[in-house]
Each structure stands twice: as structure tokens, then as C-alpha cells.
Amino acid sequence: VLLIDRFGDPCGESESVRRTLDDLAEGLGRRLLGASDMAGTIEGLNAFLFLELGFRGNAESYDDPDNSYLSRVLDRRVGVPVSRSVVVWVLARRLNVPIVGIGMPGHF
């Protein structure tokens with residue numbers, strides 16, 4: 001994901017993206033402390049990312065390349081579904097939450 005990100009920002013700092021993800025994971029971890037099962041974990045994760053932080057799709061300009069570059073998705077909190085799924089997956093992985101991507105035709 002970070003290699004793909006370099007196409008959008010060749011001079012970008014991968015370490016900055018990692019720090020942002022670490023910070024998000026820390027905030028999410030605090031949010032999930034009260035979750036007693038996987039349903040509560042998913043509910044908390046969704047509430048944190050999509051309600052509290054406002055991650056969303058780009059209805060105005062779906063084809064904008066910035067919707068696919070992780071650094072831009074994190075900065076703008078706007079991206080295509082696969083990019084937002086990657087954010088969920090990466091954060092879940094940092095917190096040892098067993099979420100995986102499922103390969104489907106044309107999608108993650």
C-alpha cells in the first residue's frame with residue numbers, strides 16, 4: 001500500500017503514514033476497550049472511523065486518483081471503498097482484531 005502511495009506522492013514520507021495509522025489505531029483501541037464480542041468490535045470500529053472521524057466515499061469525484069493513495073485518504077478522510085477497507089484492515093491488524101480482506105471480482 002505504501003509503494004502504491006508513492007505514485008501519488010513520490011516525495012512523501014512513508015513514516016508519516018505509519019505514524020498516522022499508529023495514532024488512529026491508538027484512538028480506536030481506546031474506543032474498543034468496552035467491546036465484549038466481535039459484533040461490538042465491528043460496531044465500535046465503524047463508529048470511530050465513519051461517524052467520529054468522518055471517513056467517507058467521494059461522491060463528487062469518484063475517479064480522483066487521490067481516492068486511492070493511502071496518504072491522501074488519511075489526510076482527506078475520503079477514498080474509494082477499497083482504500084477505506086485497507087484503512088480498516090491495517091488498523092484492525094495493529095490491534096490484533098481478526099479482520100481479513102476477501103477477494104471478490106473487481107473488489108477487495
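## A salt bridge within helix H2

With a relative accessibility of 40%, glutamate 15 counts as partly exposed. Keep in mind as you look around that this is a predicted model. The side chain of glutamate 15 meets that of arginine 18 in a salt bridge, with an N to O distance of 3.9 Å. That value fits the rule for a salt bridge, because the nitrogen has to lie within 4 Å of a carboxyl oxygen.

Arginine 18 is partly exposed too, its relative accessible area being 37%. Try finding the two residues in helix H2: they are 3 residues apart there, which means that about one helical turn separates them.

## A bridge from H2 to H5

Now follow helix H2 to aspartate 22. Its side chain meets the side chain of arginine 94 in a salt bridge, at 2.7 Å from N to O. Aspartate 22 belongs to helix H2 and arginine 94 to helix H5, so this pair ties together parts that lie 72 residues apart in sequence.

Are these two partners buried, partly exposed or exposed? Arginine 94 has a relative accessible area of 32%, which makes it partly exposed. Aspartate 22 is partly exposed as well, at 39% relative accessibility.

## How the helices cross

Helix H2 covers residues 14-31, and its axis comes within 9 Å of the axis of H5, with a crossing angle of roughly 70°. Why are H2 and H5 described as roughly perpendicular? Angles of 65 to 115 degrees count as roughly perpendicular, and the two axes cross at roughly 70°. H2 and H5 are therefore roughly perpendicular to each other. The crossing in which H2 passes H5 is right-handed.

Helix H2 has another partner in helix H3, which is made of residues 38-52. The axes of H2 and H3 come within 9 Å and cross at roughly 125°. That angle makes H2 oblique to H3. Here too the handedness is easy to note down: H2 passes H3 in a right-handed crossing.

## A small network of charges

How many salt bridges does the model have? The count comes to 7. One of them joins aspartate 66 to arginine 72, with their closest N and O atoms 3.5 Å apart. The relative accessible area of aspartate 66 is 21%, so this residue is partly exposed. Arginine 72 is also partly exposed, with a value of 28%.

This pair has company. Asp66, Arg72 and Asp75 are linked in a network of salt bridges.

## A buried aspartate

For a residue with little access, go to helix H1, which runs over residues 2-8 and contains aspartate 5. Is aspartate 5 buried or exposed? Aspartate 5 is buried, because its relative accessible area is 6% and the cut-off for buried is under 20%.

Arginine 94 of helix H5 makes a useful landmark here. The C-alpha atoms of aspartate 5 and arginine 94 are separated by 19 Å, and the two residues are 89 residues apart along the chain.

## A nonpolar patch on the surface

Finally, look at the segment after helix H5 (81-94), where methionine 104 has its place. Methionine 104 is exposed, with a relative accessible area of 53%. Which residues join Met104 in a nonpolar patch on the surface? Val100 and Ile102 do, and together the three have about 340 Å² of accessible area.

Notes
Residues numbered from 1 in each chain as written. Predicted model: local features only at pLDDT ≥ 70, side-chain atom pairs only at ≥ 80, totals over all residues. Heavy atoms only, no water. Patch = residues over 30% accessible without salt bridge, like charges linked within 9 Å, V, L, I, M, F, W, Y side chains within 5 Å. Areas by Shrake-Rupley, 256 points an atom, 1.4 Å probe, with all protein chains shown as cover. Helix = DSSP H or I, 4+ residues; strand = E, 2+ residues; numbered from the N terminus. Buried < 20%, exposed > 50% of the residue type's maximum accessible area, 1.4 Å probe, protein only. Axes fitted to C-alpha atoms, helices over the stretch in contact; angles between N-to-C directions. Parallel < 35°, antiparallel > 145°, perpendicular 65-115°, else oblique. Left-handed = near helix turned anticlockwise from the far one by under 90°.
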